[in-house]
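Please find below a colleague's note, set out as numbered points, on the strands, helices and backbone angles that seemed worth a second look.

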Amino acid sequence: MSVVSCENLSKAYNNFSAVKNLSFDLGENKITGLIGRNGAGKTTLLKLIAGFLRPTSGAVKVFSQNPFDNITVSSNIIFIDDNMNFPVSLTLSEILDSAGMFYKNWDDKFARKLISYFSLDLSQSHFGLSKGMKSTFNVIIGIATRCPLTLFDEPTTGMDSAVRKDFYRALLKDYVEHPRTFILSSHLLNEIDDILEDVLLIKDGTKALHLPVLDLKEYAIGLRGSQDVLKDFSSKDIIHEESFGSDSSYIVVKNQFSQTKLEQLKASGVSMTSVASDDLCNYLTAKTKGGIDDVFNRE
Amino acid sequence: MNLNTNSLKPIYVQIAEWLEAEILNANLKEEERIYSQYQLADMFNINPATAAKGLNILADNNIVYKKRGLGMFVSTNARNLILEDRKNQVLKQMVSDLVLEADRLEVDEKQLIGMIRQRIKHSRRNNNECCKL
């Protein structure tokens, strides 16, 4: 069963299309990473799934229902981002109490254990927390609600690296104990790719890739060697290229070689590296194949 | 153990190799239950689907087998299978890399074999000293 299903989904703000003709299905009980550049449409997509926005055209279904203005969908999903507003007059403890009234799977004991692990003061108001602490509190709400569908939009903004690592581990451990569906949007794919099952990469509001993260890691291969040897690759196969030294190049190409071809390349002095999924996503969503270096290239 | 996330080797392959090493050094014994995908996910901080893929490599090579509803168990001849497989795959690959590098460095056959002999002598001697202690 797919938890989220989009068909030709589009959303435009005035003249700007943030999401264009997106179609995909997310299977049950998977952690999917939603990856894309700034302004790629990640937040708009999540808000469409959460039912905060109405599509301009096309359809989004969550648990087979239209999420907009839908109480069944709302009570089964939670959307966490850094703009979450809680009533200023409530303390953190009171916010936890009210979360328990809304969400039937809420684990209050677990939430309070996390709060104390991260040294948050339950008598404080959400308003008074630092940026990183706000994010920490918000993700605790996100995990402890144990909603069948949990959406995290850049959840780690402002967190220090120790807290981020703890959050990813807490998320993974709770997921193993209570399998459910997560969508996690992030810029920091290299930090999260180990805990993901699938990656949905979007570029300018459209789908660039949707595949298991294990396939993403083998999607491309980095080749480093002399330009003479590497010039045989046609430019349509090259995802990224850099030149360095007097006659050397580094190119990233789709990983579709036979073992014999790999042996040949190796024999001609080409060294092979894996391409970090983070880098690959950046290359796939870049405007030019040479990246920022093209700006400085005076030729 | 730490996973090398920058390695050309996919993480699930590293998981499979780690499990094989655990079998070779008898931390996991034949006919014993092997870690579940969820235990591995927790141990290595990875998605359970990745861990499952590592376990499946072992299952495909008959190093472990499934008992319905009970999980996966180490096969009786797991150790031999791993040793054979490593000889055929890993060692052969290392030898091929070695020969390639020797060519590049203009080391001829005689020199290379000499180096290997010397190394073997050296490690035998070390082993013997270990035994005396």
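1. Two strands are taken to pair if DSSP finds at least two bridges between them. By that criterion strand S8 (residues 198-203) and strand S9 (residues 206-212) of chain A pair in the antiparallel sense, over six bridges. The model is predicted, and the points that follow should be read accordingly.

2. The hairpin of S8(A) and S9(A) has two residues between the strands, and A:Asp204 there takes a positive phi near 50°, while A:Lys203 stands opposite A:Thr206 in S9(A). S8(A) also pairs with strand S3 (residues 31-35) of chain A, in the parallel sense and over four bridges, with A:Leu34 standing opposite A:Leu200. S8(A) is mostly covered, since five of its six residues are buried.

3. Strand S6 (residues 149-153) of chain A has five of its five residues buried. In a regular strand the side chains alternate between the two faces of the sheet. In S6(A), A:Leu149, A:Leu151 and A:Asp153 point one way, whereas A:Thr150 and A:Phe152 point the other way, and all are buried.

4. The pairing of S6(A) involves two further strands of chain A. Strand S5 (residues 77-80) runs parallel to S6(A) with four bridges between them, and A:Ile78 has A:Thr150 as its bridge partner. Strand S7 (residues 181-185) is likewise parallel to S6(A), joined to it by five bridges, and here A:Asp153 has A:Ser185 as its bridge partner. Together with helix H6 (residues 161-177) of chain A, S6(A) and S7(A) make a right-handed β-α-β unit.

5. Chain A also holds an open sheet of four strands, in the order S11-S12-S10-S13 and with antiparallel pairing. Its edge strands are strand S11 (238-244) and strand S13 (271-274), each of which pairs on one side only. Neighbouring strands of this sheet are turned by 20° against each other on average, direction ignored. Helix H11 (residues 277-284) of chain A packs on the sheet, where it touches strand S10 (220-226), S11 and S12, and its direction makes about 100° with that of S11(A). Within the sheet, S11(A) and strand S12 (residues 248-254) of chain A run antiparallel and are joined by six bridges, with A:Phe244 standing opposite A:Ser248.

6. In chain B, helix H4 (residues 78-104) has 27 residues and reaches 38 Å from its first C-alpha to its last, close to the 39 Å expected at 1.5 Å a residue. H4(B) nevertheless bends by about 35° at B:Arg86. The buried residues of this helix are B:Ala78, B:Ile82 and B:Ala102, and H4(B) is followed by B:Glu106, whose phi is positive, near 60°.

7. Which sign does phi take at A:Phe63, which is not a glycine? Most residues other than glycine have a negative phi, but A:Phe63 has a positive phi of about 50°. A:Phe63 lies in the loop between strand S4 (57-62) and helix H2 (71-76) of chain A, and A:Phe63 counts as partly exposed because its relative accessibility is 21%, with buried reserved for values under 20%.

8. A comparable entry in chain B is B:Ala26, a residue other than glycine with a positive phi near 65°. B:Ala26 is found in the loop between helix H1 (11-24) and helix H2 (37-44) of chain B, and with a relative accessible area of 37% B:Ala26 is partly exposed.

Key:
Residues are numbered from 1 along each chain as its sequence is written. Chains are lettered from A and ligands numbered from 1 in the order in which they are written. This is a predicted model: local features need pLDDT of at least 70, side-chain atom pairs count only at pLDDT 80 or more; totals for chains, interfaces and linings use all residues. Side-chain values use heavy atoms; hydrogens and water are left out. Buried means under 20% relative accessible area, exposed over 50%, partly exposed in between (1.4 Å probe, protein chains only). A crossover is right-handed if, with the strands pointing away from the viewer, the path from the first strand over the helix to the second runs clockwise. Axes are lines fitted to C-alpha atoms, for helices over the stretch in contact, and angles run from 0 to 180 degrees between N-to-C directions. Contact means heavy atoms within 4.5 Å. The expected span of a helix is 1.5 Å times one less than its number of residues. The bend at a residue is the angle between axes fitted to the seven residues ending there and the seven starting there.
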